[in-house]
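User: I'm new to reading protein structures. Could you pick one part, look at it closely, and then show me how similar features turn up elsewhere?

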Amino acid sequence: MIRLSAPDIGEEELQGIKSVLDSGWLVQGNMVREFEAKAADYLNVPFAVAVSSGTAALHLALLALGLGSGDEVVVPDFTFPATANTVEICGAKTVLCDIAMDTYCMDTNLLEKCITEKTRAILPVHEFGHSADMDPIMKLAENYGLFVIEDAACAFGAEYKGRKAGTIGDIGCFSFHPRKAITTGEGGMAVTSDPVLAKKLRQLRNHGMAESETGKAFVSAGLNYRMTDLQGAMGIAQISKVEKIIRKRRELGEEYNQLLGGQEELTIPTCKPFCRHIYQTYHVLLNEYTDRDGLIRLLRQRGIETNMGAYALDRQPYYKEKYGLSGDGYGNADRAFERGLALPLHTGLCEKDIKTVASELLGMIRR
Ligand SMILES: Cc1ncc(COP(=O)(O)O)c(C=O)c1O
């Protein structure tokens, strides 16, 4: 089976985890602190707060910025539902913005129309490891006095104009789920340049507890979103090879581009000049004549695992019903939701595997 994705785990991860088990200290501790320091250094951002998942990072980001009832947050319509679910869980209102087809990220030309007097934040997603176009987003945020939370769950190591995705807005959120470029099993991180926000994020992740010379005190309501030291040890091992992983992913992505580019049956992903794409997902768009779900089944029979890419939120029952959405205005997200296909891409694959996937795929859609 050529798997859709597989984590890049080696001896370093095993040794790291063993050392934590041997130490007897399993919860958040030195390993998490070291992972945070290494991530902050790699991303070139002052503060990194490790948490239990990307969803937890998004939830804490919204809470730290004080977003809740009566507030609106603009979210791209095409994403994993966690992006908007966390907005809803905070009691704020999700306002969906359609995507640009060339990046699968928020269409910044449509963004201003989504802003009302209740808007407090913009929540762009760096979809599939391609950075959103941050300059127009930051400009609008500045003009309207809005926060920017970057959902960089899929984009650890991706860049926008030479800056790491996730480090441009007020808070950036990463996921270390096994499908991401680097993984801690489950895990996430919120990063910021603002010391006050960093302090709030740390408190909120740990029951609202503040530590000072005089002791511990619970200064706000909070959650347990801590990362364990087992995960921290894995993160340290993973981050030491992140550039190697990204290099390989980019090579494999480029190989697909060569083999699948220029075919009328599908559209390959673009990489804008402003971006360093990490190909967290290699996502192609099939034409309207291809039965995507049937193709997924046929490819599986041939030993190739593929999947749909991401979800159009306007088509999910919760969002559709709550906001009375009829589908109008979300044509691009809907098209990507219906016709998107994620192809196998991970460091365990070689050029030959990519060639096999490309030729099986083209053979099937031409049949
Ligand atoms: C865009 C996006 N945001 C948020 C998440 C949530 O991350 P996690 O699974 O670590 O909670 C995901 C997960 O796939 C994602 O793709």
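Analyst: One bit of vocabulary before we start: a residue is called buried when its relative accessible area is under 20%, exposed when it's over 50%, and partly exposed in between. Also keep in mind that this is a predicted model.

Let's zoom in on strand 5, which covers residues 119-122 and includes Ala-121. Begin with Arg-120, which lies in that strand too. Its relative accessibility is 28%, so Arg-120 counts as partly exposed. What does Arg-120 pair up with? It makes a salt bridge with Asp-71, and the closest N and O atoms of the two are 3.1 Å apart. Asp-71 sits in the loop between helix 3 (54-64) and strand 2 (72-76), so this pair ties together parts that are 49 residues apart in sequence. Unlike the partly exposed Arg-120, Asp-71 is buried, at 11% relative accessibility.

Now move one residue along, to Ala-121. Is Ala-121 buried or exposed? With 0% relative accessibility, it counts as buried. If you skip the neighbours within four places in sequence, Ala-121 touches Leu-67, Glu-72, Val-73, Val-74, Leu-146 and Phe-147. Take Leu-146 from that list: it comes 25 residues away from Ala-121 in sequence, yet their C-alpha atoms are 4.9 Å apart in space.

For another alanine, try Ala-237, which belongs to helix 8 (residues 229-239). Ala-237 is buried as well, with a relative accessible area of 8%. Apart from neighbours within four places in sequence, its contacts are Glu-12 and Glu-13. Ser-19 is 218 residues from Ala-237 along the chain, and the two C-alpha atoms are separated by 12 Å.

Back to salt bridges, then. How many does a search of the whole structure find? The count is 23. One of them joins Arg-276 and Glu-159, whose closest N and O atoms are 3.7 Å apart. Arg-276 is in strand 14 (residues 275-276) and Glu-159 in strand 7 (residues 159-160), so here the tied parts are 117 residues apart in sequence. Both ends count as buried: Arg-276 has 17% relative accessibility and Glu-159 has 18%. The two residues also belong to a network of salt bridges that links Glu-159, Lys-164, Glu-243 and Arg-276.

A further salt bridge connects the side chains of Glu-360 and Arg-302, at 3.0 Å from N to O. This pair links distant parts of the chain, 58 residues apart: Glu-360 is in helix 13 (residues 351-366), while Arg-302 is in the loop between helix 10 and strand 16. Glu-360 is buried, with a relative accessible area of 19%, but Arg-302 counts as exposed at 53%.

Helix 12 (residues 331-339) gives you a whole set of buried residues to look at: Ala-333, Asp-334, Ala-336, Phe-337 and Arg-339. They pack against strand 3 (78-79), strand 15 (282-286), helix 10 (292-301), strand 16 (311-312) and strand 17 (340-343).

What about cysteines? A disulfide here needs two cysteine sulfur atoms within 2.5 Å, and by that rule the count is zero. Cys-173, for instance, is in no disulfide, with the nearest cysteine sulfur, that of Cys-90, 11 Å away. Cys-173 is also buried, at 1% relative accessible area. Why does Cys-275 not bond to Cys-271? The Cys-271 sulfur is the closest cysteine sulfur to that of Cys-275, but it is 4.3 Å away, too far for a bond. Cys-275 counts as buried too, at 11% relative accessibility.

Last stop: the ligand. It is surrounded by 15 residues, and the closest are Gly-54, Thr-55, Asp-151, Ser-175 and Lys-180. A backbone N or O atom of Gly-54 is 2.8 Å from a ligand oxygen, and a polar side-chain atom of Thr-55 is 2.5 Å from a ligand oxygen. Ser-175 has a side-chain N or O atom 2.7 Å from an oxygen atom of the ligand. Taken alone, the ligand would expose 390 Å², and the protein buries 88% of that.

Note on methods:
Residues numbered from 1 in each chain as written. Predicted model: local features only at pLDDT ≥ 70, side-chain atom pairs only at ≥ 80, totals over all residues. Heavy atoms only, no water. Buried < 20%, exposed > 50% of the residue type's maximum accessible area, 1.4 Å probe, protein only. Helix = DSSP H or I, 4+ residues; strand = E, 2+ residues; numbered from the N terminus. Contact = heavy atoms within 4.5 Å. Near = heavy atom within 4 Å. Polar contact = N/O pair within 3.5 Å; in protein donor to acceptor, adjacent residues only side chain to side chain. Areas by Shrake-Rupley, 256 points an atom, 1.4 Å probe, with all protein chains shown as cover. Salt bridge = Lys/Arg side-chain N within 4 Å of Asp/Glu carboxyl O.
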